[in-house]
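Here is a friendly walk through one protein chain. Have the sequence and the 3D view open as you read, and pause to find each residue as it comes up.

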Amino acid sequence: MTEDCRPHLLREHLEAVGQWAARLAPREDLRAPALATGRWHDLGKYTRDFQIRIRKENGFEAHLEKEGALERDHSTAGALWALSRDRRLLPLALAITGHHAGLPDLPKFKERVGRDEKQALLADARARCDSPSLLDESLGFSPETLVKRIGGIEALLRVRAGAEGPRRAADGASRAMLPAGGQTD
């Protein structure tokens, strides 16, 4: 519920997070990728399982029945959507999947997004999304240029075993997005 006691709509949340992320982007050329990442980060909340779960947990019983455990994953659908738009949007997909738990390592990420049930989450979310513009709007940036600006995907994903794990990779990715000297505009 919002402060004025009306339902907090998922499309409003996704748009607001996208706008907020764009405002916080450290450089002008990262605003459009940040906007897309914010808009797609909770795409999986459109899935039937997630809607049942959230209604039950918040006292808004949906009266929909489903056998077994309800799926909690709400980020993989957004990551898969990013990759379906362009495989070079891997940095956005990684940020989306890591928005609660931190950046996954690449082998675990690939295993996760490659599972059939995760592909089904994207299909369900897309079918239930009530705001097609969140998905189909122009990116507003070139994926090729994005990859060049962050130093290539290899630089973003360079993770050594041991001391340099996913958190250090995130720190490195953040530094890679800054211009020479580490200063923002």
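This report starts with the whole chain, then visits some of its helices and a few residues in the loops.

**The whole chain**

Keep in mind that this is a predicted model. The protein chain has 11 helices and zero strands. Following the sequence from start to end, you therefore meet the pattern α-α-α-α-α-α-α-α-α-α-α. The chain has 185 residues, and 41% of them are buried. Now look at contacts between residues at least 6 apart in sequence: 66% of these join residues at least 24 apart.

**Helix α1 and its two sides**

Let us begin with α1, which covers residues 10–24. How far should its 15 residues span at 1.5 Å a residue? The expected span is 21 Å, and the end C-alpha atoms of α1 are 21 Å apart, which agrees.

Which residues of α1 are buried? They are Leu 10, Leu 14, Gly 18, Ala 21 and Ala 22. These residues cover an arc of only 105° around the axis, so they sit on the same side of α1. A general rule helps here: an α-helix has 3.6 residues a turn, so residues three or four places apart point the same way. On the other side of α1, Trp 20, Arg 23 and Leu 24 are exposed. The cover over the buried residues of α1 includes α2 and α8.

**Around the ends of α1**

Leu 9 belongs to the segment before α1. Is Leu 9 buried, partly exposed or exposed? Its relative accessible area is 30%, so Leu 9 is partly exposed: the partly exposed range runs from 20% to 50%. Leu 9 and Asp 130 are 121 residues apart along the chain, while their C-alpha atoms are separated by 9.9 Å.

Beyond α1, Arg 27 lies in the loop that leads to α2 (31–40). With a relative accessible area of 3%, Arg 27 counts as buried, because the cut-off is under 20%. The side chain of Arg 27 makes a polar contact of 2.8 Å with the side chain of Asp 29.

**From Lys 45 to Ser 75**

Next comes Lys 45, in the loop between α2 and α3. Leaving aside neighbours within four places in sequence, Lys 45 is in contact with Leu 10, Phe 50, Gln 51 and His 74. The C-alpha atoms of Lys 45 and Leu 121 are separated by 9.5 Å, although the two residues are 76 residues apart along the chain.

Ser 75 is in the loop between α3 (48–57) and α4. Ser 75 is buried, with a relative accessible area of 7%. Which residues does Ser 75 touch, not counting those up to four places away in sequence? They are His 41, Ile 96, Thr 97, His 99 and Arg 112. With Arg 112 there is also a polar contact of 2.9 Å between the side chains.

**Helix α4 and its surroundings**

Why can α4 be called largely enclosed by the rest of the structure? Eight of its 10 residues are buried, and that is the reason. The buried residues of α4 are Thr 76, Ala 77, Gly 78, Ala 79, Leu 80, Trp 81, Ala 82 and Leu 83. Among the elements that cover them are α2, α5, α6, α7 and α8.

The table lists three helix pairs.

| Helix pair | Angle | Axis distance |
|---|---|---|
| α4 and α6 | about 95° | 10 Å |
| α4 and α7 | about 85° | 8 Å |
| α5 and α6 | roughly 85° | within 12 Å |

The angle in the first row makes α4 roughly perpendicular to α6. α4 and α7 are likewise roughly perpendicular to each other, and α5 is roughly perpendicular to α6.

Which residues meet in these pairs? Thr 76, Ala 79, Leu 80 and Leu 83 in α4 meet Phe 109, Arg 112 and Val 113 in α6. Towards α7, the α4 residues are Thr 76, Ala 77, Leu 80 and Trp 81. Their partners in α7 include Lys 118, Leu 121, Leu 122 and Ala 125. From α5, Leu 90, Ala 93, Leu 94 and Thr 97 meet Leu 106, Phe 109 and Arg 112 in α6.

Notes:
Residues numbered from 1 in each chain as written. Predicted model: local features only at pLDDT ≥ 70, side-chain atom pairs only at ≥ 80, totals over all residues. Heavy atoms only, no water. Helix = DSSP H or I, 4+ residues; strand = E, 2+ residues; numbered from the N terminus. Buried < 20%, exposed > 50% of the residue type's maximum accessible area, 1.4 Å probe, protein only. Polar contact = N/O pair within 3.5 Å; in protein donor to acceptor, adjacent residues only side chain to side chain. Expected span 1.5 Å × (residues − 1). Arc of directions from axis to C-beta. Contact = heavy atoms within 4.5 Å. Axes fitted to C-alpha atoms, helices over the stretch in contact; angles between N-to-C directions. Parallel < 35°, antiparallel > 145°, perpendicular 65-115°, else oblique.
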